Amino acid sequence: MFATVALLTLSVARGRGGVVSDAIALIGEARTGGLTLVLPDAVADVRVREARLPGRPIVLIDPGHGGRDPGAPGVSGTIREKDLTLAMANELADLLEQRGRVRVALTRENDKYLTLDQRASIARRLQAGLFLSLHMDSAPNPLAKGATVYSLSDVASSAEAARFAQAENRSGEALSSEPDDSVRALLADVALREQMEISAGLAERLLRRAAGRVELRPRPHQFAAFHVLRRAETPAVLVEAGYISNADDEAMLMTKEGRAPLVLALAQAVEADLATRSAR
Ligand SMILES: [Zn+2]
């Protein structure tokens with residue numbers, strides 16, 4: 001159950017000649033809590049659920065895929081990745097809201113297609129303190145199972161991690177080239193190193209919380225060059241909750257009860273990570 005959501009709308013107005021300029025409009029009673037971010041190009045509104053105390057960081061949960069991009073199919077043929085990621089993201093958002101220690105938002109709350117740039121843009125515009133992208137894995141080997149957590153790196157931890165990042169980048173229409181000139185690029189690089197370091201710490205924390213409660217892959221922390229993680233410009237991890245190409249994992253991920261241990265581990269890790277960082 002949510003508290004009444006008032007609207008604090010951050011809108012983007014198009015100036016003359018197609019130049020986009022930021023403008024802020026305040027609507028409704030911001031003091032009671034909610035905030036809705038209106039993004040350009042029909043990305044639609046992003047609702048932020050308030051914490052019990054004001055000024056808490058925003059956790060942005062990103063349910064992978066959506067709309068015309070279904071993600072991986074389940075082995076039973078009855079489910080698709082995009083539906084499971086949305087269900088899990090809603091459960092995690094509800095739990096975080098209930099616990100009340102952080103503010104929480106979703107990149108999509110329904111079956112909508114978003115590019116990776118749109119997802120990352122939401123993170124930047126919200127100035128999210130943490131970005132968590134949720135996915136379900138799939139592999140040709142039907143025995144492959146368990147959860148994996150990916151954090152951003154220039155160098156992939158394995159050929160499989162590199163292939164996986166490439167596939168995810170393709171599915172979200174990522175731009176392949178990054179500009180790398182000038183002092184700005186150097187400063188961005190320093191910030192990016194820090195972003196990678198904190199993200200790797202978050203991945204480790206998450207795996208410690210999940211250990212013993214959730215089945216993990218033998219090397220559960222992987223690194224790869226994910227476009228969406230880089231462009232979020234905030235500590236970010238991508239969680240593969242399990243393999244829907246495996247009958248056991250699929251059966252587990254299809255029910256709320258089956259997803260619950262990972263959802264709880266994610267909530268606890270996210271809260272602990274943000275508490276540690278704000279205490280510094
Ligand atoms: Zn995916």
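Donors are N, O and S atoms within 2.8 Å of the metal, the limit that applies to a zinc ion here. In this predicted model, the donors of the zinc ion are spaced along the chain as H-x15-E-x53-H-x32-E.

**The zinc site**

The protein supplies His65 through NE2, Glu81 through OE, His135 through ND1 and Glu168 through OE, at 2.1 to 2.4 Å from the zinc ion. Glu81 belongs to helix 1 and Glu168 to helix 3 (residues 159-171), so this pair ties together parts that lie 87 residues apart in sequence. Glu81 has a relative accessibility of 2% and counts as buried. Glu168, at 11% relative accessibility, also counts as buried.

What is the geometry of the site, given the angles among its 4 donor atoms? The angles run from 92 to 152°, and the site is irregular. Four donors count as tetrahedral if all angles lie between 85 and 135 degrees, so an upper value of 152° rules that class out. The ideal angle for four tetrahedral donors is 109.5 degrees.

**Helix 1 and the overall fold**

The protein has 7 helices and 10 strands. Helix 1, residues 81-99, contains 19 residues. From its first C-alpha to its last, helix 1 reaches 27 Å, close to the 27 Å expected at 1.5 Å a residue. Gly100 follows helix 1 and has a positive phi, near 75°.

Of the 280 residues, 50% count as buried. Among contacts in the protein with a separation of 6 or more, 80% are between residues 24 or more positions apart.

**Nonpolar cores**

In soluble globular proteins, nonpolar side chains tend to be buried together. The largest nonpolar core in this model has 39 residues, of which Ile61, Leu96, Leu132, Val239 and Leu266 touch the most other members. Elements that give two or more residues to this core include helix 1, strand 5 (58-63), strand 7 (130-137), strand 10 (236-243) and helix 7 (256-279). Helix 7 provides the largest share, 8 residues.

Which residues does Leu132 contact, leaving aside its neighbours within four places in sequence? They are Leu60, Ile61, Asp62, Leu92, Leu206, Val237, Val239, Leu266 and Val270. A second, separate core has 25 residues, among them Leu152, Ala161, Phe164 and Met196.

**Aromatic pairs**

A pair of aromatic rings is described by the distance of the centres and the angle of the planes. The whole structure holds 3 aromatic pairs. Two of these pairs involve Tyr150 and are listed in the table.

| Pair | Centre to centre | Angle between planes | Class |
|---|---|---|---|
| Tyr150 and Phe164 | 4.9 Å | 35° | tilted |
| Tyr150 and Phe226 | 5.3 Å | 75° | edge-to-face |

The first row links distant parts of the chain, with Tyr150 in strand 8 and Phe164 in helix 3, 14 residues apart. In the second row, Tyr150 is paired with Phe226 of the loop between strand 9 (216-224) and helix 5 (227-231), 76 residues away. Ring pairs link Tyr150, Phe164 and Phe226 into a cluster.

Are the rings of this cluster in buried or exposed residues? Tyr150 is buried, with a relative accessible area of 1%. Phe164 counts as buried at 13% relative accessibility, and Phe226 counts as buried at 1%.

Methods
Residues are numbered from 1 along each chain as its sequence is written. This is a predicted model: local features need pLDDT of at least 70, side-chain atom pairs count only at pLDDT 80 or more; totals for chains, interfaces and linings use all residues. Side-chain values use heavy atoms; hydrogens and water are left out. Helices (H or I, at least four residues) and strands (E, at least two) are DSSP runs, numbered from the N terminus. The expected span of a helix is 1.5 Å times one less than its number of residues. Donors are N, O and S atoms within 2.8 Å of the metal (3.2 Å for Na, K and Ca); water is not among the atoms, so sites may look incomplete. Four donors count as tetrahedral if all angles lie between 85 and 135 degrees; four count as square planar and six as octahedral if opposite donors are over 155 degrees apart and all others between 65 and 115; anything else is irregular. Buried means under 20% relative accessible area, exposed over 50%, partly exposed in between (1.4 Å probe, protein chains only). A nonpolar core is a set of buried Ala, Val, Leu, Ile, Met, Phe, Trp, Tyr and Cys residues joined through side-chain atoms within 4.5 Å. Contact means heavy atoms within 4.5 Å. Rings of Phe, Tyr and Trp (its six-membered ring) pair if their centres lie within 6.5 Å; planes under 30 degrees apart count as stacked, over 60 as edge-to-face and the rest as tilted.
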